[in-house]
Amino acid sequence: MQFLGQKIESIIEEFLKSPDTNWQPSDMLPDSSNENFTKEIKELQAQCKELPYDYLAVLVGNVVTEEALPTYEAWLTDVEGVDKLKPEGWSKWVRMWTAEENRHGDLLNKYLYLSGRIDMRQMEISTQYLISDGIQIGAARDPYRNFIYTAFQELATNISHRRTATLAKKHGSDQLSKICGVIAADEARHAKAYKSFITKIFEIDPSEMMIAFEDMMRKKIVMPANFLRQSGEKIGATFTHFSDAAQRLGIYTSIDYTQILVSLIEEWNIANMSDLNTAAEKARDYIMALPQRFRNIADRGLKAPIEYEFNWIK
Ligand SMILES: [Fe+2]
Ligand SMILES: [Fe+2]
């Protein structure tokens, strides 16, 4: 972390944007000081009329996931090598990444509030629960494992927001499509950053990096909303239904999980990685065999997920 952190300023320069020039949520929402405000809301609501039930459920799940940002910041701040007392080092990256991510929940939340389709109180209860419940990702405080997680997750959220953008357009809301699209673009940029950190670590510490990668894949990459629940439910009770709905719509599927893994294997040139100790060679072989194993399971396990009633939707 110290080695990578020497270049933190140029890393930030390359992958993060200044608040002055970055898009802000209000760029994509009706302006309440504008005399056409009511008319614009009516149009926005008309565009949302045809959004299907499962689609709204996935969107709410995505918003709640984004809104649980305090959890992610707290956890990244606690990673080894991130020192709150050194504000110009890695902690600057964490703060600036958080500041960008904060726009995602903010924008989607306001949009859903205006849409008239969501029971906002129920959504807010789920958000409060998810932040209270936290996450457990199995990466401990290890930067290698945490960067595997964040690289994977940024790619997963990119896919999810990108597909909700495509579907929004299909169901009549160009505005929502644009919103999900700009968020997806942020996630792609963040993914590039985290992938580049791992690339650098592979250059200087290939064996330990490989073992960390294997370890995270054995544990499986748990989604940040894994503990998602609705009012009155047990911890995590809603997550399966949320991911079933995403699966039904093809917004995020087990095939995507495999595809992300394949793309990371290619990105880091895992197949041709040499200079590894025996344990790391085994780890590399395990990782290389994993996509096919996932495909075999996916072929066998395809069944229609159960329909579910979400209290978030009006
Ligand atoms: Fe995000
Ligand atoms: Fe993200």
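**View 1. The second largest cavity and the residues around it.** In this predicted model, the second largest cavity is lined by M1, L76, V79, V82, W90, W93, V94, F147 and Y194. Its volume comes to about 50 Å³. Sort that lining by chemistry and you get nine nonpolar residues, no polar ones and no charged ones. If you want to know which element to look at, go for helix 6, which supplies the largest share of the lining with three residues.

**View 2. The largest cavity, lined by a mixed set of residues.** Searching the whole structure turns up two cavities of 30 Å³ or more, and here we zoom in on the largest, with a volume of about 180 Å³. There are 13 residues in its lining, and those closest to the centre are Y72, W97, Q153, T157 and P224. Helix 4, helix 5 (69-77), helix 6 and helix 8 are the elements that each give two or more residues to this lining. Helix 8 has the largest share, with five residues. As for chemistry, the lining of the largest cavity holds five nonpolar, four polar and four charged residues.

**View 3. Iron ion (ligand 1) and its protein donors.** What holds on to this iron ion (ligand 1) from the protein side? The donors are two OE atoms of E66, plus OE of E101, ND1 of H104 and OE of E187, and they sit 2.1 to 2.4 Å from the ion. Read along the chain, the donors of the iron ion (ligand 1) have the spacing E-x34-E-x2-H-x82-E. Two of them tie distant parts of the chain together: E66 belongs to helix 4 (residues 53-67) and H104 to helix 6 (residues 90-115), with the pair 38 residues apart. Both E66 and H104 are buried.

**View 4. Iron ion (ligand 2) and its protein donors.** Shift over to the other iron ion (ligand 2), and you'll find E101, E154 and E187 as its protein donors, each through OE, at 2.0 to 2.1 Å. Along the chain, the donors of this iron ion (ligand 2) follow the pattern E-x52-E-x32-E. Here, too, distant stretches of chain are linked, since E154 is in helix 8 (residues 143-170) and E187 is in helix 9 (residues 174-204), 33 residues apart. Are E154 and E187 buried or exposed? E154 has a relative accessible area of 4%, so it counts as buried. E187 is at 1% relative accessibility, so that residue counts as buried as well.

**View 5. E101 between the two iron ions.** Now put both ions in one picture. Which residue bridges the iron ion (ligand 2) and the iron ion (ligand 1)? That would be E101, and the two ions lie 3.4 Å apart. E187 turns up at both sites too: an OE donor is listed for this residue at the iron ion (ligand 1), and again at the iron ion (ligand 2).

**View 6. Helix 11 and the residues it buries.** Our last close-up is helix 11 (residues 239-249), where F239, H241, F242, D244, A245 and A246 are buried. What do these buried residues of helix 11 pack against? Their partner is helix 4, the helix that also contains E66. Just past helix 11 comes G250, and the phi of G250 is positive, near 70 degrees.

Terms used. Residues numbered from 1 in each chain as written. Chains lettered and ligands numbered in written order. Predicted model: local features only at pLDDT ≥ 70, side-chain atom pairs only at ≥ 80, totals over all residues. Heavy atoms only, no water. Donors = N, O, S within 2.8 Å, 3.2 Å for Na, K, Ca; no water. Helix = DSSP H or I, 4+ residues; strand = E, 2+ residues; numbered from the N terminus. Buried < 20%, exposed > 50% of the residue type's maximum accessible area, 1.4 Å probe, protein only. 1 Å grid on protein atoms, 1.4 Å probe; cavity = no way out; pocket = protein on both sides within 12 Å on 5 of 7 lines; lining within 4 Å. Points joined across faces, edges and corners; volume = space filled by probe spheres on them. Nonpolar A, V, L, I, M, F, W, Y, C, P; charged D, E, K, R; others polar. Contact = heavy atoms within 4.5 Å.
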